[in-house]
Amino acid sequence: MSLSEVESLKEQLKVARKEIKNLRKQITTLNYTQKKEIESVRKILDDFKCQNCRNIVQNNSIPPDLAAKTAEIKFSPIGTIKTPFPEKRGVPRQASISTQIEGIIDLNYDTFNNPEHSLEGLEDFSHIWVIYYFHKNQCHAKAKITPPRLDGRIGVFSSRSPHRPCPLGLSLVEIIKIEGSKIYFKGIDMVDGSPVFDIKPYVPQYDTPSKEISHPEYFDLEFINAREAPDGQETTSDCVMASTSQAFSSKPMVRVPNWVSNANTLAVIFSSKAIEQMTELKIEFESVKQLIENDPRSAYLRTKHKSQIFSFQFSEATITAKFDDSNNSVTVVQVRKTQSTL
């Protein structure tokens with residue numbers, strides 16, 4: 001390489017170094033400018049307020065309607081429900097389906113020092129409403145859902161789906177007995193360990209929206225309807241009976257969609273093996289029949305995987321059934337004791 005070529009390369013290298021230096025200065029300037037712009041955007045976002053927020057700052061008060069929308073309501077459970085269902089799978093959809101299956105509501109001592117005092121008088125009622133929390137729900141609530149009995153979608157508030165914005169359950173159950181702070185009841189559609197928020201007695205006069213209402217012996221109709229009679233005539237039997245007749249005749253007829261009222265139950269068949277196992281485990285046949293004759297499968301399982309094997313836990317047993325959708329029947333294949341995972 002000649003001397004002139006070496007000098008030319010040196011000159012080119014010098015120019016390249018100068019260009020690199022200029023590029024570095026430009027990058028530094030751009031970085032600084034970008035940081036300033038980001039800080040400016042952040043400040044705009046931090047200081048941004050909608051019209052309602054600006055009004056709040058100016059008036060130094062929160063509008064009642066906005067306060068109602070943003071308020072957080074907190075409740076503490078008053079007790080816990082004990083049932084034979086450790087998981088959601090296989091749990092009856094309604095308490096009226098499982099009238100022979102028993103559960104227990106155990107009140108906490110955190111609510112009252114003597115929780116048994118809060119139950120005094122409840123033994124005079126045959127049924128109670130139980131309000132509880134779907135604590136096993138992990139799915140995000142959706143505005144439209146597919147009920148098991150309907151081949152289509154409806155609004156979540158037109159269904160009994162547990163996947164709700166406020167996942168609260170409401171069940172009507174029958175009282176067996178009350179001992180201390182515990183209520184023994186029949187009619188299960190809850191998972192074991194469900195927190196209880198409230199208990200209310202069932203009163204047919206107020207809770208049954210039909211024209212014909214039966215009256216248990218423990219209700220004093222004259223006392224109940226006296227409040228509806230004109231002042232000064234509360235003790236007049238004719239007026240009380242007239243008030244009773246008018247009150248009941250004015251009640252509306254109950255109306256439900258056809259897909260609810262026309263639902264069919266499945267024919268339940270027990271295999272010889274299942275009969276032997278259930279006898280050994282002392283599991284009542286009627287209880288298992290009630291669990292599966294109304295088809296505990298979800299709409300997804302029933303439509304995507306027809307006539308499949310379905311297993312679920314019931315107390316200390318695992319029940320396995322084979323559905324035959326073409327014949328509208330289900331066969332209990334086996335009932336075995338659940339193996340401990342510990």
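## Second largest pocket

The lining of the second largest pocket comprises four nonpolar, five polar and nine charged residues. The model in which this pocket is found is a predicted one. The volume of the second largest pocket is about 440 Å³. Its lining numbers 18 residues, of which Pro148, Asn264, Asp295, Arg302 and Asn328 are the closest to the centre of the pocket.

Two assigned domains take part in this lining: domain 1 (79–204) and domain 2 (264–337) each contribute at least three residues. In terms of secondary structure, at least two lining residues come from each of helix 10 (299–304) and strand 11 (317–324).

## The four-stranded sheet

Strand 11 also belongs to an open sheet of four strands, in which the order is 9-12-11-10 and the pairing is mixed. Strand 9 (267–270) and strand 10 (309–314) form the edges, each pairing on one side only. On average, neighbouring strands of this sheet are turned by 30 degrees against each other, with direction ignored.

Within the sheet, strand 11 pairs with strand 12 (residues 329–337) in the antiparallel sense, over eight bridges. Asp324 is found opposite Ser329 of strand 12.

## Helices across the sheet

Helix 8 (residues 272–281) lies across strand 9, strand 11 and strand 12, and runs at about 45 degrees to strand 12. Helix 9 (residues 285–293) lies across strand 9, strand 10, strand 11 and strand 12. The direction of helix 9 is at about 135 degrees to strand 9.

## Enclosed cavity between the domains

How many cavities of 30 Å³ or more are there? The count comes to one. The volume of the largest cavity is about 40 Å³. Its lining consists of Val91, Pro92, Arg93, Ile97, Gln290, Leu291, Asn294 and Pro296. By class, these lining residues divide into five nonpolar, two polar and one charged.

Where does the largest cavity lie with respect to domain 1 (79–204) and domain 2 (264–337)? Both domains give residues to its lining, and the cavity therefore lies between them.

## Summary of the two spaces

Domain 1 and domain 2 both supply residues to the lining of the second largest pocket, and both also supply residues to the lining of the largest cavity. Nine charged residues are present in the lining of the pocket, while the lining of the cavity includes one charged residue.

Definitions and conventions: Residues are numbered from 1 along each chain as its sequence is written. This is a predicted model: local features need pLDDT of at least 70, side-chain atom pairs count only at pLDDT 80 or more; totals for chains, interfaces and linings use all residues. Side-chain values use heavy atoms; hydrogens and water are left out. On a 1 Å grid over the protein atoms alone, a cavity is a set of points where a 1.4 Å probe fits but cannot get out, and a pocket is an open set with protein on both sides within 12 Å along at least five of seven lines; lining residues have an atom within 4 Å of a point. Grid points are joined across faces, edges and corners, and a volume is the space filled by probe spheres set on the points. Ala, Val, Leu, Ile, Met, Phe, Trp, Tyr, Cys and Pro count as nonpolar, Asp, Glu, Lys and Arg as charged, and the others, Gly among them, as polar. Domain bounds come from an automatic or database domain assignment. Two strands pair if DSSP finds at least two bridges between them. Axes are lines fitted to C-alpha atoms, for helices over the stretch in contact, and angles run from 0 to 180 degrees between N-to-C directions. Contact means heavy atoms within 4.5 Å.
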